[in-house]
Amino acid sequence: MPDVVPAAARAHTEDLGAFVSASPSSYHAAREVARRAEDAGFVRLDETAAWDVVPGGRYVVVRDGSAIAVAVPPTAGATTPFTILGTHTDSTGFKLKPRPTTGRDGWVQAGVEVYGGPLLNSWLDREVELAGRLVTSDGSGGTVEHLVRTGPIARIPQLAIHLDRSANEGLTLDKQRHTQPVVGLGDVSQSDVLAELAAAAGDGVDAADVLGYDVVLAETQPPRAFGIGEALWASPRLDNQLSTHAAIAALLAVAPEDLAGIGVVAAFDHEEIGSGSRSGAAGPFLEDVLRRVSAGLGASEDERARAFAASLCVSSDVGHAVHPNYPERHDPANHPHAGAGPILKINANQRYATDAHGAARWQAACAAAGVPSQEFVSNNTVPCGSTTGPITATRLGIRVVDVGAAILSMHSARELTAVVDPWYLSRAMQAVLAG
């Protein structure tokens, strides 16, 4: 069969696979955004230091599991608007609890807490890793952060069907009793999950040195293309590293002089649990950065307000492709298909922030990029999800349009999209940035 997937789409999605593989946690994802930006010449900014923002400058700043990259056109001034690509870095799953070493009956286990709304059954019988950050003392009253990942170390085992004959009639998992992964064999009192993390961190870190940690379970099976013509793409954490990768790839692909406004990628943490944190979309991070950039360009408060009023945020999160086994769960007239381009998300109750003007801007960008586009709206009997778009619109008063790529198996440990769709999304984002 001839290859019906453009080579550029394959290259983009293979690079998405590299991004996902490098980003088992939101902290890794934020630093991968920063690494790619710095490799392209962006300057890393420290929030505790003074910033020297100038026309033509490119900058990136990391706050915990969030990253914001900013590209300022050479002609930018005090009232130049912002063009923001908003995404998120976190994914649903499990987070390691305090006193993490547990177990019984000869099994050593890790104590975990449910994070967000994962499809619990999708995490069963997979070899997963522990990944995130450890914080230790620097010896002089400060702290040092260490990114860590163990590689495959844990598995949440399913009960054999011989011990639950009704499993195929309706599996129900207790979030406390049935989701604790096994990590080894032996006496729990002689085991230490935190010691395994410290050893994986390197740098001479000892478990006794760890003052705090933010660690999640992460799927370890690599992303891959498959299916007829290898037109399908399976990967962990597509929600929402697909959009984060598409956004940073788009920003790096547009030269500063070709930007229609000040180009921004805002990749937030904690979207899956409501965005209410210092590094989430409901927190001050994006506003802090935009205000400091405006101040660096000499903007008064009035000029900054004028810039915000003319700005646009494209909030990108994955969306639902029509499931061929459950078509009745979707709106009967609006059927987003995998491989048919990015989706424009619309909701009458502002679960998505798209309005007519934002929709027009997005459709024009898709047309300019030469990519197909389609709409998503929920079936009236199925509650609609939400994302960072309405939060950004509410916090900043900037016009927001919600978009995304269509996937199946959302909130599964491993999700599914079409190989072409991440590429389509990134091309449309480039067109938005270029105006």
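This is a short tutorial dialogue on reading helix packing, salt bridges, backbone geometry and nonpolar cores in a predicted model.

User: Let's start with helix packing. At roughly what angle do the axes of helix α1 and helix α4 cross, and within what distance do they come?

Analyst: Happy to begin there. To read a helix pair, look at the approach of the axes, then the angle, then the residues that meet. Helix α1 covers residues 7–21 and helix α4 covers residues 238–253; their axes come within 10 Å and cross at roughly 120°. The crossing of α1 past α4 is right-handed.

User: Which residues in α1 and α4 meet?

Analyst: From α1 come His 12, Asp 15, Leu 16, Phe 19 and Val 20. On the α4 side they meet Leu 238, Gln 241, Leu 242, Thr 244, His 245, Ala 246 and Ala 249. Sorted by class, this contact of α1 with α4 holds 7 nonpolar, 4 polar and 1 charged residues.

User: While we are in α4, which peptide bond is cis?

Analyst: For this, read omega along the backbone. The bond from Asp 239 to Asn 240 is cis, and its omega is near 5°. Asn 240 has its place in helix α4.

User: Phi is my next backbone angle. Where is Glu 230 found, and what is its phi?

Analyst: Here you check the sign of phi alongside the residue type. Glu 230 is not a glycine, yet its phi is positive, about 45°. Glu 230 is found in the loop between β11 (224–226) and β12 (232–235). With 40% relative accessibility, Glu 230 counts as partly exposed.

User: And His 270: is this residue buried or exposed?

Analyst: A relative accessible area under 20% is what buried means. His 270 has 18%, so this residue is buried. Its phi is near 70°, again a positive value in a residue other than glycine. His 270 is found in the loop between β13 (262–268) and α5.

User: Now for electrostatics. How many salt bridges does a search of the whole structure find?

Analyst: The general idea is that side chains of opposite charge can pair when their charged atoms come close. In this structure the search finds 24 salt bridges. Let's take one within a helix: the side chains of Arg 36 and Glu 32 meet at 2.9 Å, N to O. Both lie in helix α2 (residues 26–39), 4 residues apart, which is about one turn of the helix.

User: Why do Arg 36 and Glu 32 count as buried?

Analyst: Compare each value with the cut-off of 20%. Arg 36 has 14% relative accessibility, so it counts as buried. Glu 32 has 9%, so Glu 32 counts as buried too.

User: What about Arg 304 and Glu 301: how far apart do they lie in helix α6?

Analyst: They lie 3 residues apart, about one turn of helix α6 (residues 301–309). Their salt bridge is 2.8 Å, N to O. The accessibilities are worth reading side by side: Arg 304 counts as buried at 10%, whereas Glu 301 is partly exposed at 47%.

User: Which salt bridge links distant parts of the chain?

Analyst: Look at Asp 214 and Arg 133, whose side chains meet at 2.9 Å, N to O. Asp 214 is in strand β10 (residues 210–219) and Arg 133 in strand β7 (residues 128–137), 81 residues apart. Both Asp 214 and Arg 133 are buried. They also belong to a network of salt bridges that links Arg 31, Asp 64, Lys 95, Arg 133, Glu 145, Asp 214 and Arg 278.

User: Last topic, nonpolar cores. Which residues touch the most other members of the largest core?

Analyst: To read a core, ask who its best-connected members are and which element supplies it. The largest nonpolar core has 54 residues, of which Leu 85, Val 314, Trp 362 and Leu 425 touch the most other members. Helix α9 (residues 420–434) gives the most to this core, with 9 residues.

User: What does Leu 85 touch?

Analyst: Not counting residues up to four places away in sequence, Leu 85 touches Ala 247, Ala 250, Val 264, Val 265, Ala 266, Val 314, Met 429 and Leu 433. Apart from the largest core lies another core, of 28 residues, and Val 61, Phe 82, Leu 396 and Ile 398 are among them.

User: And what is Glu 287 in contact with?

Analyst: Leaving aside neighbours within four places in sequence, Glu 287 is in contact with Arg 395 and Leu 396. Glu 287 is found in helix α5 (residues 285–296). At 17% relative accessibility, Glu 287 counts as buried.

Definitions and conventions. Residues numbered from 1 in each chain as written. Predicted model: local features only at pLDDT ≥ 70, side-chain atom pairs only at ≥ 80, totals over all residues. Heavy atoms only, no water. Axes fitted to C-alpha atoms, helices over the stretch in contact; angles between N-to-C directions. Helix = DSSP H or I, 4+ residues; strand = E, 2+ residues; numbered from the N terminus. Left-handed = near helix turned anticlockwise from the far one by under 90°. Contact = heavy atoms within 4.5 Å. Nonpolar A, V, L, I, M, F, W, Y, C, P; charged D, E, K, R; others polar. Buried < 20%, exposed > 50% of the residue type's maximum accessible area, 1.4 Å probe, protein only. Salt bridge = Lys/Arg side-chain N within 4 Å of Asp/Glu carboxyl O. Core = buried A, V, L, I, M, F, W, Y, C linked by side-chain atoms within 4.5 Å.
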